[in-house]
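Me: I should like to go through the terms used for this model and ask, for each, what justifies the word.

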Amino acid sequence: MDFREAAKLGSCLSKDYAEDLFRLLVTYESISASESASRLNIHIKTTQDFLEDLFALDILDREEVYEGKRPYFRYSLKVNKISVSVDLTRLKVIEKETDSRLRMRIREMKNAKARFTTSRSNDYISNVVVWMGEGRDRTERKFNLSIPQGRFLFHLPFPTAESLTVAEIMNKAGVENIYIPEIVDIVHVLLDLQVIEST
């Protein structure tokens with residue numbers, strides 16, 4: 001199960017009516033959305049969406065039947081147990097992308113709409129505030145940094161300085177390789193927000 005599927009399943013299970021709907025699915029050989037909705041006194045669209053989500057997750061079977069000329073679906077349980085197993089390593093930045101990011105030459109962008117706040121110890125950046133939009137529509141987004149990210153950004157070259165590779169900045173900042181994924185993550189975010197530039 002991938003993360004998106006797990007999130008959809010979690011959303012289904014968190015509904016107030018989830019246990020009651022599952023009880024019906026366990027009790028009945030098959031049941032329609034309208035039958036379920038009337039039995040539990042909930043809206044048919046709500047019931048339909050719930051059953052369709054479970055069908056998409058391969059938890060239910062679905063059979064199209066006809067009442068006169070009007071087709072509708074009947075649902076039945078396909079499984080007796082639901083187990084959630086999510087491989088979180090699949091969320092990690094892929095190695096090829098990481099390698100290219102490490103070789104990228106970067107520096108702070110000139111006139112970037114951002115403020116870097118230095119820690120009390122004055123040896124790393126504790127957060128970055130980025131302003132987005134203009135005038136009254138301007139909003140700010142604050143990024144609280146991990147200490148390795150803060151040390152990395154503390155050594156980010158200024159806009160007028162010569163750019164360095166991500167790997168060179170990590171080395172200069174004394175950031176160990178185990179922190180590569182979170183460094184690559186913040187570099188990606190700040191590139192998108194035009195706080196840093198790739199040269």
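Me: Why is Tyr17 called buried?

Reply: The model is a predicted one. In it, Tyr17 has a relative accessible area of 18%. The word buried applies under 20%, so Tyr17 is buried.

Me: What makes the pair of Tyr17 and Phe50 edge-to-face?

Reply: Ring centres must lie within 6.5 Å for a pair, and planes over 60 degrees apart count as edge-to-face. The centres of Tyr17 and Phe50 are 5.7 Å apart and their planes stand at 70°, so both conditions are met and the pair is edge-to-face. The pair joins distant parts of the chain, for the two residues are 33 residues apart. Tyr17 belongs to the loop between α1 (3–13) and α2 (18–27), while Phe50 belongs to helix α4 (residues 44–56). Tyr17, Phe22 and Phe50 also form one aromatic cluster.

Me: How do you know that Phe50 is buried or exposed?

Reply: The relative accessibility of Phe50 is 3%. The limit for buried is under 20%, and Phe50 therefore counts as buried.

Me: Why is the pair of Phe73 and Tyr75 called tilted?

Reply: Planes under 30 degrees apart would be stacked and planes over 60 edge-to-face, with the rest tilted. The planes of Phe73 and Tyr75 are at 55°, and the ring centres are 6.4 Å apart, so this pair is tilted. By the rule for ring pairs, the count comes to 3 aromatic pairs.

Me: Which terms describe the accessibility of Phe73 and of Tyr75, and why?

Reply: Phe73 has a relative accessible area of 28%. Buried requires under 20% and exposed over 50%, so Phe73 is partly exposed. Tyr75, with a relative accessible area of 0%, is buried.

Me: What makes Arg62 a charge over the ring of Phe73?

Reply: The distance limit is within 6 Å of the ring centre, and the charge must also be within 35 degrees of the ring normal. The charged end of Arg62 is 4.0 Å from the centre of the Phe73 ring and sits over that ring. Arg62 also lies over the face of Phe55, at 4.1 Å from the ring centre.

Me: Why is α3 called oblique to α4?

Reply: Helix α3 (residues 33–40) and α4 pack at an angle of about 125°, with their axes 8 Å apart. Roughly perpendicular covers 65 to 115 degrees and roughly antiparallel begins over 145. The angle falls between those ranges, so α3 is oblique to α4. On the α3 side the contact is made by Ala33, Ser34, Ser36 and Ala37, and on the α4 side by Ile44, Thr47, Gln48 and Leu51. The crossing of α3 past α4 is right-handed.

Me: How do you know that Ser36 is buried or exposed?

Reply: Ser36 has 1% relative accessibility. Set against the limit of under 20%, this value means that Ser36 counts as buried. Leaving out residues up to four places away in sequence, Ser36 touches Leu21, Leu24, Ile31, Thr47 and Leu51.

Me: What makes α6 oblique to α8?

Reply: α6 and helix α8 (residues 180–192) pack at an angle of about 55°, and their axes are 9 Å apart. Angles under 35 degrees count as roughly parallel and those from 65 to 115 as roughly perpendicular. The angle fits neither range, so α6 is oblique to α8. Pro148, Gln149, Phe152 and Leu153 of α6 meet Glu182, Ile183, Ile186, Val187 and Leu190 of α8.

Me: Why is Met109 called partly exposed?

Reply: Met109 has a relative accessible area of 24%. Partly exposed lies between the limits of 20% and 50%, and Met109 is therefore partly exposed. Met109 is found in the loop between β4 (105–108) and β5 (114–118). Its contacts, not counting residues up to four places away in sequence, are Pro159, Gln194, Val195, Ile196 and Glu197.

Me: What makes the phi of Asn41 worth a remark?

Reply: Most residues other than glycine have a negative phi. Asn41 has a positive phi of about 60° although it is not a glycine. Asn41 lies in the loop between α3 and α4. With 72% relative accessibility, set against the limit of over 50%, Asn41 counts as exposed.

Notes. Residues are numbered from 1 along each chain as its sequence is written. This is a predicted model: local features need pLDDT of at least 70, side-chain atom pairs count only at pLDDT 80 or more; totals for chains, interfaces and linings use all residues. Side-chain values use heavy atoms; hydrogens and water are left out. Rings of Phe, Tyr and Trp (its six-membered ring) pair if their centres lie within 6.5 Å; planes under 30 degrees apart count as stacked, over 60 as edge-to-face and the rest as tilted. Helices (H or I, at least four residues) and strands (E, at least two) are DSSP runs, numbered from the N terminus. Buried means under 20% relative accessible area, exposed over 50%, partly exposed in between (1.4 Å probe, protein chains only). Axes are lines fitted to C-alpha atoms, for helices over the stretch in contact, and angles run from 0 to 180 degrees between N-to-C directions. A crossing is left-handed if the near helix is turned anticlockwise from the far one by less than a right angle, and right-handed if clockwise. Contact means heavy atoms within 4.5 Å.
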